[in-house]
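Subject: Handing over a structure, with notes on what was found

Dear colleague,

I am passing on to you the structure shown below, together with some notes to read beside it. Please look it over first, and then take the notes in the order in which they come.

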Amino acid sequence: MGVLGRLLIRTFAGPFILTFFIVLFILVMQFLWVYMDDLVGKGLEWYVIAELLVYASASFVPMALPLALLLSSIMTLGQFGEYNELTAARAAGISLWKLTRPLMLLSLLFSLGAFLFSDTLLPQSRLKFGSLLFDIQQKKPALSIKEVRFYTEIENYALRVGQKSEDGERLRDILIYDHSSGRGNTSVITAKRGRMIMSADQRYLSLTLYDGYTYEELQEDAPSRRNRPHLKTSFSVQEIHFDLSSFNMKRSDESIFRDYFSMLNLKQLRLATDSLETAYAERDRDIIQTMKQL
């Protein structure tokens, strides 16, 4: 490679790296904008979001690479034309093909690398990205109890508090609907005040209630709602423990997502195509056989 070729590549490298990461950043920001509702308010750790962004960035490489090549090539040749270097090269007898040959060879190398990337790393990144995004979407929002609003994310319970202290522990005017019996709003707990404490491992929520009542309907098939018997119990102190294990994100088995065609490489796509063709041929034979029997 001559001096002019090395100069072209050095001039091309800077704009290419810059435009590639700018385009990749824009695509990642677009991804965050689309899936913002699935990420916000779920108490995700920073490394989970970072892992998701890494997999998403890998999925956007096939879109960012052609744009980076195009823009950096235009900027490189435009800079040569701006400083009359193209005119000087032509005056020295250098043909346009010889001048642009290093960029064309470099583009071919990028095309080969992009093909290998799309056939090896891209299916794996899409598999991990789809699996992780599905697990995040299935995760319940983080525990956030607001004043004068029913909080229903805790399984089998609906909780409302009238007032809440700044530290989030002391509560007043508490109303709890217990749906664990599966019979609707047949069990209600009220309390004047209470205290809410989270366990160290964030798995259990302990709610201590003071000065309250428990109302429970005893007969489900009563002939009239007015004549339905119920039990009313008063208490000075009562403790309720909520299991918050369902709020934790559980990782799914990635094998259940391997049948998606966007997560297969070229060899796996060929096998999937052969399987589909065989299935279609068997279906056609069954249809023809059924029609002959009519």
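The protein holds seven helices and five strands, and you should keep in mind throughout that the model is a predicted one. Read from the N terminus, the order of its elements is α-α-α-α-α-α-β-β-β-β-β-α. Of its 294 residues, 32% count as buried, while the area that the protein exposes comes to about 19,300 Å², of which carbon and sulfur atoms supply 58%. Among the contacts with a separation of 6 or more, 57% are between residues 24 or more positions apart.

Let me begin with the helices and the core that they share. The largest nonpolar core has 30 residues, and those that touch the most other members are Phe 20, Phe 31, Leu 52, Phe 60, Phe 129 and Ile 136. The elements that each give two or more residues to this core are α1 (3-34), α3, α5 (96-119) and α6 (121-138), and the largest share, eleven residues, comes from α3. To see how one of these members is placed, take Phe 31, which touches Leu 52, Leu 53, Ala 56, Phe 60 and Phe 129 when residues up to four places away in sequence are not counted. Another core, of 18 residues, lies apart from the one just described, and Tyr 151, Leu 205, Ile 240 and Phe 242 are among its residues.

Three residues of helix α3 may help you to find your way along it. Ser 57 has its place in this helix, which spans residues 46-82, and a polar atom of the Ser 57 side chain lies 2.7 Å from the backbone oxygen of Leu 53. If neighbours within four places in sequence are left aside, Ser 57 is in contact with Leu 24 and Val 28.

Thr 76 also lies in helix α3, and because its relative accessible area is 0%, under the cut-off of 20%, Thr 76 counts as buried. Not counting residues up to four places away in sequence, Thr 76 touches Leu 8, Thr 11 and Phe 12; with Phe 12, the C-alpha to C-alpha distance is 5.6 Å, although the two are 64 residues apart in sequence.

The third residue is Gln 79, again in helix α3. Is Gln 79 buried, partly exposed or exposed? Its relative accessibility is 34%, which falls between the limits of 20% and 50%, and so Gln 79 counts as partly exposed. In sequence Gln 79 and Thr 11 are 68 residues apart, yet in space they are 8.7 Å apart, C-alpha to C-alpha.

I turn now to the strands. The five of them form an open sheet, in the order β1-β2-β3-β4-β5, with antiparallel pairing. Which strands stand at the edges of the sheet? They are β1 (157-164) and β5, and since each has a single partner strand, one side of each is left without a neighbour in the sheet. From one strand to the next, the twist averages 25 degrees.

Two of the pairings can be followed bridge by bridge. Strand β3 (residues 187-198) runs antiparallel to strand β4 (residues 204-217), and eleven bridges join them; Met 196 has Leu 207 in β4 as its bridge partner. On the next pairing, β4 meets strand β5 (residues 230-243) in the antiparallel sense over 13 bridges, and here the bridge partner of Leu 205 is Phe 242 in β5. Leu 205 and Phe 242 are also both among the residues of the 18-residue core mentioned above.

Within this part of the sheet, Thr 214 is worth finding on the model, and its place is in strand β4. With a relative accessibility of 16%, which is under 20%, Thr 214 counts as buried. Leaving out residues up to four places away in sequence, Thr 214 touches Val 188, Ile 189, Leu 231, Lys 232, Thr 233, Phe 235 and Gln 238.

With best regards

Note on methods: Residues numbered from 1 in each chain as written. Predicted model: local features only at pLDDT ≥ 70, side-chain atom pairs only at ≥ 80, totals over all residues. Heavy atoms only, no water. Helix = DSSP H or I, 4+ residues; strand = E, 2+ residues; numbered from the N terminus. Polar contact = N/O pair within 3.5 Å; in protein donor to acceptor, adjacent residues only side chain to side chain. Contact = heavy atoms within 4.5 Å. Pairing = 2+ DSSP bridges. Core = buried A, V, L, I, M, F, W, Y, C linked by side-chain atoms within 4.5 Å. Buried < 20%, exposed > 50% of the residue type's maximum accessible area, 1.4 Å probe, protein only. Areas by Shrake-Rupley, 256 points an atom, 1.4 Å probe, with all protein chains shown as cover. Axes fitted to C-alpha atoms, helices over the stretch in contact; angles between N-to-C directions.
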